[in-house]
Number of protein chains: 2
Amino acid sequence: MSTDSKKIGNNGESSTGELSRRRLLGSVGAAGATGLVLGSTGGAIGYATARPDKPTALTTVGSTEEMFHGKHQPGITTPLQARGHLIAFDLAPGTGRKEAAALMRRWSTVAQRLMAGEPTSGGSADGTTHDTGIALDAGPSSLTVTFGFGRTFFERTGLVAHRPPGLDPLPPFSSDRLDSKRSNGDLWVQIGADDALVAFHALRAIQKEAATTAGVRWQMNGFNRTPGATAAPATARNLMGQIDGTGNPKPTESDFDRRIFVPSQPKTGDEAKYAWLAGGSYAVVRRIRMLLDDWEKLPVAQQERVIGRRKSDGAPLSGGTETTPMDLDKAGPDGKLLIPDNAHARISSPERNSGAAMLRRPFSYHDGIAADGTPDTGLLFICWQADPLKGFVPVQRKLDRGDALSPFVRHEASGLFAVPSGAAKGEYVGQRLLES
Amino acid sequence: MSTDSKKIGNNGESSTGELSRRRLLGSVGAAGATGLVLGSTGGAIGYATARPDKPTALTTVGSTEEMFHGKHQPGITTPLQARGHLIAFDLAPGTGRKEAAALMRRWSTVAQRLMAGEPTSGGSADGTTHDTGIALDAGPSSLTVTFGFGRTFFERTGLVAHRPPGLDPLPPFSSDRLDSKRSNGDLWVQIGADDALVAFHALRAIQKEAATTAGVRWQMNGFNRTPGATAAPATARNLMGQIDGTGNPKPTESDFDRRIFVPSQPKTGDEAKYAWLAGGSYAVVRRIRMLLDDWEKLPVAQQERVIGRRKSDGAPLSGGTETTPMDLDKAGPDGKLLIPDNAHARISSPERNSGAAMLRRPFSYHDGIAADGTPDTGLLFICWQADPLKGFVPVQRKLDRGDALSPFVRHEASGLFAVPSGAAKGEYVGQRLLES
């Protein structure tokens, strides 16, 4: 596919592109990254960036395009987008590896087109297979589509031998209140974009391509800040009002890749069976309800002790600014630890978890008022790691035992997905598994 | 309140502000307006604009501020915002005019602060009455908060004598499938902003101020395009993929005010009782579900005949461009009308409705998958008019009888609210009614 022919929404504009470039830097800053974005070449390195062949002056919210092809799938290190959809599918009864492979090929084709800002297809002769038109007028708006396989996918497709141990079920946690109907699934798709109509357009297209091969198991919607709403590069804030994401590993750190992406496997022996996942990652998805009616009654000083960081700017209670490392041993004049023993930031800190690392890349959600009259709102927590047993699991186990935040959150749904590497040109996502 | 002390998110930025200025023009273009925005002085004329005292160079998505005070409330002629919340309240049992007046005063105070990008309050001595912090870092992001009174409000407050005939219940329509629990309400608040966290912050603040005076009756969330997602000023598109809003009345038209805003009433006689509503408007709110699974099966050419306009660019099927007037009598070579008899655009056109005019200013909505497995998605249709009997009612009556679009939409909730004029400085919204 020629990049020259791509429809870009904001061609010919007079904007200097300052906003968009600031945003790219700023939002990756939110995920912890600095420096790599503007210097990278998109797919080649695998970090999201604007199209390298487009003059910077044309980069605006709508015209920013993420790369579908690359070492890693998009939507993992891509800057947080304003709008997100998560959707899980189960394969239809009687559907096997062949149909799943065909679906992954269709999905990859449509994802590539959508991420380039193109319509889904040229339409059929009778006009029924047409693009819905919802994204017309807008550019790609940083759209990403990311695909993952759940544990059950391998049973349905006869590929259990290739199922990596990292997909073993997450252990139960005492604070779980999980709804199984909104958890897991054979297939998982994460959609993100900076425009709500572009994201919805992609969601409809992905659903349509599932056709009779797979049915929707669950679907959730989320959001983050709009590009340009904050002046300076700012770490994301969640609906508790707390800065969230400060401690994320940074792509500039030498061991970032090793911690977030699955390394190459030996060519022989047992582990060769999992070679298909090299360059991939694991996504843990948790729908975490925030009990805002309770949380908001807490005085700010008490909220800060629950978190261990200042609400206004995210600085640790041990002092400094947002990016100052926490001093976990520092005590106040009264001899008490400034960052309390049960503070969320202390318990979840990599220092206290043998360097456990996950890249948190969430969306907030708000689905109105729940049946019990409380706000149905919180975090679509999504974290990425090379091994859930060294990322999410040990941290959540510790939080489960003594996190001061626990009374104010409730894990309502959970998913664990193996997310294949990015597709090379001509390849579809998951091909190395499905044709192994 | 001094405008100099306002916290603006994007001070000191180097952006040229091109994006934001384009957007202001573009989105008002979407609602049909041109020209008035940049030349207006906000509150004085009542059309939304950026702060007149701020250099244009600083105008970006986050720092754009709408005026709370003015002849009309904000959120009526304000450009469409990326995110919206609608929330209806019922007054608590035993609550009367006095408590309602106190609530409107609290709400007006908090709305004014929020729209200026300020926290809700300085906090109480014990720290419990604090701003939730959710909007920290962002500017006002074009936040608007708009208040309306439902029919039942007048009974609960002993003000039935001042209830205008315009609040008489809407007639039933044959296609109505209304859920009374999600319809009407004593009080209605519309929140819009270009940043989702800023909008949510306002929603929580409004709910909190309702305290024990009023309880939530229903609440809905919606969205529009993100500023900058489209290159050129573009009329909004709905989730059917159709350009929506082309025929809206334009503030440049000489009779715009007369059609959208309630005129001054005689000082004596029966109508003096409704003098409080002068400068106000009526909002009709309809939750219109789109049956997308059915709609998307229709070939594009057929969709276009249902609407009467081209999908790609909104041009009428009688020819021209989006803004070309429809030629309702023009026939094709086969002698058939190019814009079919039952086309939505024909039936709803002002020409066919004695010039009936309403200003449509909707949000799309998407609440995931409904219990029946279909997408719970559509339009939070909101229209503004000086008199519902000359705006929404006659048009909907006609549509109800023969609109080709009817099989693809379902009206699931309905509300009718009298929206008072804007508050003057020192005044609260609705004061002229509640202290009449």
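These legends go with close-up views of a predicted two-chain model, chains A and B. Local features need pLDDT of at least 70 and side-chain atom pairs count only at pLDDT 80 or more, while totals for chains, interfaces and linings use all residues. Residues are numbered from 1 along each chain as its sequence is written, chains are lettered from A in the order in which they are written, and side-chain values use heavy atoms, with hydrogens and water left out.

**View 1. How chain B maps onto chain A.** A turn of 180° and a shift of 0.0 Å along the axis lay chain B on chain A with an RMSD of 0.0 Å (least-squares superposition on the C-alpha atoms of residues with pLDDT of at least 70 in both). That's the relation of a two-fold axis. Both copies use the same surface, and 100% of the contact residues of chain B recur in chain A (contact means heavy atoms within 4.5 Å).

**View 2. The interface between chains A and B.** Each side has its share of the contact: 73 residues from chain B and 73 residues from chain A. About 5,300 Å² is buried between them, with carbon and sulfur atoms giving 52%; this is the accessible area (1.4 Å probe) that the two parts lose on being put together, summed over both.

**View 3. A salt bridge across the interface.** A:Asp137 pairs up with B:Arg237, and their closest N and O atoms are 2.8 Å apart. The rule finds eight salt bridges across this interface (a side-chain nitrogen of Lys or Arg within 4 Å of a carboxyl oxygen of Asp or Glu). On the side of chain B that touches chain A, the largest share, eight residues, comes from H5(B) (helices are DSSP runs of H or I with at least four residues, strands E runs of at least two, numbered from the N terminus).

**View 4. B:Leu187 in the nonpolar core.** The largest nonpolar core has 156 residues, and B:Leu187 is among the five that touch the most other members, along with A:Trp107, A:Leu187, B:Trp107 and B:Phe147. Such a core is a set of buried Ala, Val, Leu, Ile, Met, Phe, Trp, Tyr and Cys residues joined through side-chain atoms within 4.5 Å. Leaving aside neighbours within four places in sequence, B:Leu187 contacts residues including B:Phe89, B:Trp107, B:Phe149 and B:Ala214.

**View 5. B:Thr95, tucked into a loop.** B:Thr95 sits between strand E1 (83-91) and helix H3 (97-115) of chain B. B:Thr95 counts as buried because its relative accessibility is 13% (buried is under 20% relative accessible area, exposed over 50%, partly exposed in between; 1.4 Å probe, protein chains only). Its side chain reaches the backbone oxygen of B:Ala92 at 2.9 Å.

Definitions and conventions
A polar contact is a pair of N or O atoms within 3.5 Å; within protein, one must be able to donate a hydrogen and the other to accept it, and residues adjacent in sequence count only if both atoms are side-chain atoms.
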